[in-house]
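Colleague: I have a model open and want to know what the words used for it rest on. Could you take me through it?

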Amino acid sequence: MSRWNYLRVGGLAALTEAAIYVAGIVYFLVVLDFANVTAPLQQVELFVANQTSLYAMYLLIYVVFGVVLVALVLSLHARLKTDAPMLMGATTAFGLIWAGLVIASGMVANIGTGVVVDLYGTDPARATTVWLAVSPVIDGLGGGNEIVGGIWTLLVSVAALRTRALHRVLNYFGLVVGTVGILSAIPALGEVGGGIFGLTQIVWFVGLGILLLRAGRREASTFLREE
């Protein structure tokens with residue numbers, strides 16, 4: 001992949017991640033009003049009533065998000081590796097680990113909720129018990145805390161600052177976003193930290209996407225002039 005092309009891919013990937021975040025927030029907080037459904041049995045009933053859309057949303061916010069994240073991680077690696085090879089090696093490793101965890105979380109979520117919905121028709125109490133067992137697995141892999149995503153965001157920002165890439169304001173903002181994600185691993189801060197991480201990372205993804213697309217256009221212009 002040529003230099004100008006991978007920058008554009010990375011920019012589009014970053015903007016796609018932001019859009020997926022927004023879609024997930026709107027679906028769960030506005031459409032399903034999931035924050036106000038706290039009883040496990042009520043959650044299961046909500047899943048039964050919205051099985052198709054829930055399956056599609058889990059596929060989007062976990063599996064698609066993870067796949068697109070791989071493209072973004074590799075694009076940033078190619079952009080920053082020259083001046084910080086060791087740091088970017090570690091950064092890319094955490095990014096790919098995060099992508100894998102997010103994809104795995106989505107697969108568990110879809111299979112788990114499918115089992116729960118099937119059980120609900122014959123045994124609502126057992127369906128609720130299964131959901132209570134599956135839910136922590138989903139949260140542990142990709143939703144309960146954001147430590148891996150936080151580490152990746154933090155390291156990308158550190159590498160960009162060291163190599164004077166991207167934009168200094170975005171890089172400092174990324175340090176804050178990454179730190180919040182890491183702190184979400186603390187139980188007392190988990191829910192609040194995860195929420196703040198998600199909202200601030202939307203802004204970070206948008207800024208990152210714009211900068212990468214601009215860099216891609218500059219590289220494309222240079223490439224065409226050289227031709």
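Colleague: What does Trp98 touch?

Modeller: Leaving out residues up to four places away in sequence, Trp98 touches Tyr21, Phe65, Leu69, Glu146, Val148, Gly149, Trp152, Phe197 and Gln201. A contact here means heavy atoms within 4.5 Å. One thing to keep in mind: this is a predicted model, where local features need pLDDT of at least 70 and side-chain atom pairs count only at pLDDT 80 or more, while totals for chains, interfaces and linings use all residues. Residues are numbered from 1 along each chain as its sequence is written, and side-chain values use heavy atoms, with hydrogens and water left out.

Colleague: Two of those names caught my eye. What makes Leu69 buried?

Modeller: Buried means under 20% relative accessible area, exposed over 50%, and partly exposed in between, with a 1.4 Å probe and protein chains only. Leu69 has a relative accessible area of 0%, so it counts as buried. It sits in helix α3, and its contacts beyond four places in sequence are Glu17, Gly95, Trp98, Ala99 and Trp152.

Colleague: And Gln201, buried or exposed?

Modeller: Buried: Gln201 has a relative accessible area of 0%, so it falls under that cut-off. Gln201 belongs to helix α8 and touches Tyr21, Trp98, Trp152, Thr153 and Val177, again not counting residues up to four places away in sequence. Its C-alpha atom is separated by 9.3 Å from that of Gly181, 20 residues apart along the chain.

Colleague: Why is Tyr62 called buried?

Modeller: Its relative accessible area is 12%, and the cut-off is under 20%, so Tyr62 is buried. Tyr62 is in helix α3. Among the residues that Tyr62 touches are Val102, Ile103, Ala109 and Ile138.

Colleague: How do you know that Gly11 is buried?

Modeller: Gly11 has 0% relative accessibility, so it counts as buried. It lies in helix α1 and touches Gly209, Leu212 and Leu213, not counting residues up to four places away in sequence. Gly11 and Ala215 are 204 residues apart in sequence, yet 9.0 Å apart in space, C-alpha to C-alpha.

Colleague: What about Arg164, buried or exposed?

Modeller: Exposed: Arg164 has 81% relative accessibility and the cut-off is over 50%, so the word fits. You'll find Arg164 in the loop between α6 and α7. It has a positive phi of about 55° although it is not a glycine. Leu166 is placed in the loop between α6 and α7, and its phi is near 60°, a positive value in a residue other than glycine.

Colleague: What makes a set of residues a nonpolar core?

Modeller: A nonpolar core is a set of buried Ala, Val, Leu, Ile, Met, Phe, Trp, Tyr and Cys residues joined through side-chain atoms within 4.5 Å. The largest one here has 49 residues, and those with the most contacts inside it are Tyr58, Leu72, Trp98, Trp152 and Phe205. The elements giving two or more residues to this core include α1 (3-31), α3 (51-80), α4 (85-120) and α8 (190-226). Its largest share, eleven residues, comes from α3. A second, separate core has eight residues, including Leu80, Met88, Leu155 and Ala159.

Colleague: How many helices and strands does the protein chain have?

Modeller: Eight helices and zero strands. Those are DSSP runs numbered from the N terminus: helices are H or I with at least four residues, and strands are E with at least two.

Colleague: What makes the protein chain as compact as a globular protein of that length?

Modeller: The radius of gyration of the protein chain is 19 Å, close to the 17 Å that the globule rule gives for 227 residues, so the description follows. The radius is taken over C-alpha atoms, and the rule is 2.2 Å times the number of residues to the power 0.38. Along its principal axes, the C-alpha trace spans about 70 × 35 × 30 Å.

Colleague: What share of the 227 residues is buried?

Modeller: Buried residues make up 43% of them. As for contacts between residues at least 6 apart in sequence, 78% join residues at least 24 apart.
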